[in-house]
Amino acid sequence: MAVINDVSFSDDSWTNWGKNLTSQPEATFYPNKLEDLKVIVREAKANNKKIRCAGTGHSWCGAAVTDGYLVSVNNMNKIHPPKETNQGWTVTIESGVTVEELDLALRAHSPPLALPSNVHPTSVRYGGILTMGCHGPSLNSRTMSDMITELVILNAEGNLVTYSEDRDPEAFNAASLNLGLFGIVYTATLRVEVMNTRFLARDSERTFETVFDGPDAGLKLKAMVLKNDSTEFFHWPFRHFMKPEQNRTIWVKEWERTTEPAEKVNPNLNRPPTVDNPFFSEFHAGERVQEIPDALHFHLGDGVTTILDAGVGFKVDNDFKNVIEAFSELIEKNWAFTTSMPERMGTAVEMRFIKSSSKILSPAYDQDPEAIFCMIDVMATSETPGFEEYAGGIVANWIEKYNAKPHWPKLWESVPGVVPYLRREYGDRLVRFNKIRKTQDPNDMFLNNTWRPLMQDL
Ligand SMILES: Cc1cc2nc3c(=O)[nH]c(=O)nc-3n(C[C@H](O)[C@H](O)[C@H](O)COP(=O)(O)OP(=O)(O)OC[C@H]3O[C@@H](n4cnc5c(N)ncnc54)[C@H](O)[C@@H]3O)c2cc1C
């Protein structure tokens, strides 16, 4: 490890968690404080280098890929004491804080606090979560970017810029989901809630037919989604691990708010797995009252397998019929893909529902705050041959049928025709975003090959 002006850096290569991306940055920096970020931007400017940032590396798109300077924000993990404001409780964090670190700090606070929704993994960092517009399962909580009240970003000129609704609503909107294009995010302030309620988390295994068949299947699904705080569906193709029988069931996770106390002991701790699939082995049918973070961050995976994931958001029809069609068709196509080769057996599909985001680059953006978006994903273990091409076809079909927009951190760059589609569909919103981006990064220091095709010549 070498050091420049007190900032450590290495010439290490970089690989993302899903193992579909590698890069050789000229230098990877490990800043600990704001002054270090300033040094990195100053160095990049002086040496005409590009910068990208990375957190835990859980994205599958090439957002962090660079042969210039990579900034690992993992040591920027300070959490400021939460404050009670006229907008309720807020907490300010540095961008390298993990989900787990913030959950712990909020729980330890008096009164205990929590984010109302969150992404599944606890190892990922808020720089990645917020810049990429990530989301949890809660219908009314929308995306994580919608929880931001203030952002502080060090731009390409070395200036620290504070974004908030009061200062400049348009710039704040764009900065809240900025794809890492406005500079290095230093801090974010998030709205949090007092943990007065908990989740009644209900898991059930249902047959396809009970959920997806019949003329009123869409309306039944709609009623379920509207009744719950959060609803999530999983499906994996094989009934039993490494055996050919098709799984004809869907795993349904539902969360409802409750004032009941959380159960102290996990009733599933010593129960044998009910799902014969190592990736979902912690799933157990039944009901439990859990603290909010415990309910949101259930464990997925066998600790060994990493996965690839392609996912989109699309606006749900009033009768939810497009959701029924999309999920049923996905299960069918996924069965055909999975059974076409023994090496393709590790696949799964998933969907959640959120209300629209106000952020102009969100795949769930809509002017109607009551519009509901289906966030749907297809995934496979990292080594699955042909998955990227197959998933690209699935996403292209969702684009064609439902005007779907890829969820930015997932696999989308290999979807046929995706760049002209995104430029057309985001249209004026992309132009507005780019105008603000140019004020922060006039010489495209933060633009890499993932984002350049979307932003150029706007
Ligand atoms: C197993 C798994 C489960 C997941 N579950 C969900 C889920 O439930 N919901 C969901 O929405 N997503 C989910 N994701 C996607 C994941 O939340 C995103 O990929 C998120 O960006 C990961 O955070 P990270 O710390 O790994 O970021 P990285 O992937 O390391 O970084 C992503 C990008 O964020 C930007 N960035 C990061 N920090 C900064 C900074 N300080 N300044 C400027 N730019 C920055 C950079 O452009 C970087 O390339 C999941 C991913 C995995 C692997």
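**Note on the eight-stranded sheet and Thr231**

1. In this predicted model, eight strands form an open sheet whose pairing is antiparallel and whose order reads β17-β14-β16-β15-β19-β20-β18-β21. The edges are taken by β17 (286-290) and β21 (405-406), each of which pairs on one side only.

2. Within that sheet, strand β19 (residues 347-355) and strand β20 (residues 372-381) run antiparallel and are joined by nine bridges; in this pairing, Ala348 stands opposite Met379 of β20. As general background, the strands of a sheet pair through backbone hydrogen bonds, in either a parallel or an antiparallel manner.

3. Helix α8 (residues 321-338) packs on the sheet, where it touches β15, β16 (249-258), β18 (307-315), β19 and β20. The direction of helix α8 makes about 165 degrees with that of β19.

4. Thr231 belongs to strand β15, which covers residues 230-235. Is Thr231 buried or exposed? Thr231 counts as buried because its relative accessibility is 2%, and the cut-off for buried is under 20%.

5. The side chain of Thr231 is joined to that of Asn228 by a polar contact of 3.2 Å. Leaving aside residues up to four places away in sequence, Thr231 touches Pro137, Met224, Val225, Lys253, Glu254, Trp255, Met351, Arg352 and Phe353.

6. As for annotation, an unreviewed UniProt entry places the feature "domain: FAD-binding PCMH-type" at residues 21-195. In the model, the end C-alpha atoms of residues 21-195 lie 39 Å apart, and the span is 22% helix and 28% strand.

Terms used: Residues are numbered from 1 along each chain as its sequence is written. This is a predicted model: local features need pLDDT of at least 70, side-chain atom pairs count only at pLDDT 80 or more; totals for chains, interfaces and linings use all residues. Side-chain values use heavy atoms; hydrogens and water are left out. Helices (H or I, at least four residues) and strands (E, at least two) are DSSP runs, numbered from the N terminus. Buried means under 20% relative accessible area, exposed over 50%, partly exposed in between (1.4 Å probe, protein chains only). A polar contact is a pair of N or O atoms within 3.5 Å; within protein, one must be able to donate a hydrogen and the other to accept it, and residues adjacent in sequence count only if both atoms are side-chain atoms. Contact means heavy atoms within 4.5 Å. UniProt positions are given in the numbering used here, feature names are shortened, and annotations may be inferred rather than shown by experiment. Two strands pair if DSSP finds at least two bridges between them. Axes are lines fitted to C-alpha atoms, for helices over the stretch in contact, and angles run from 0 to 180 degrees between N-to-C directions.
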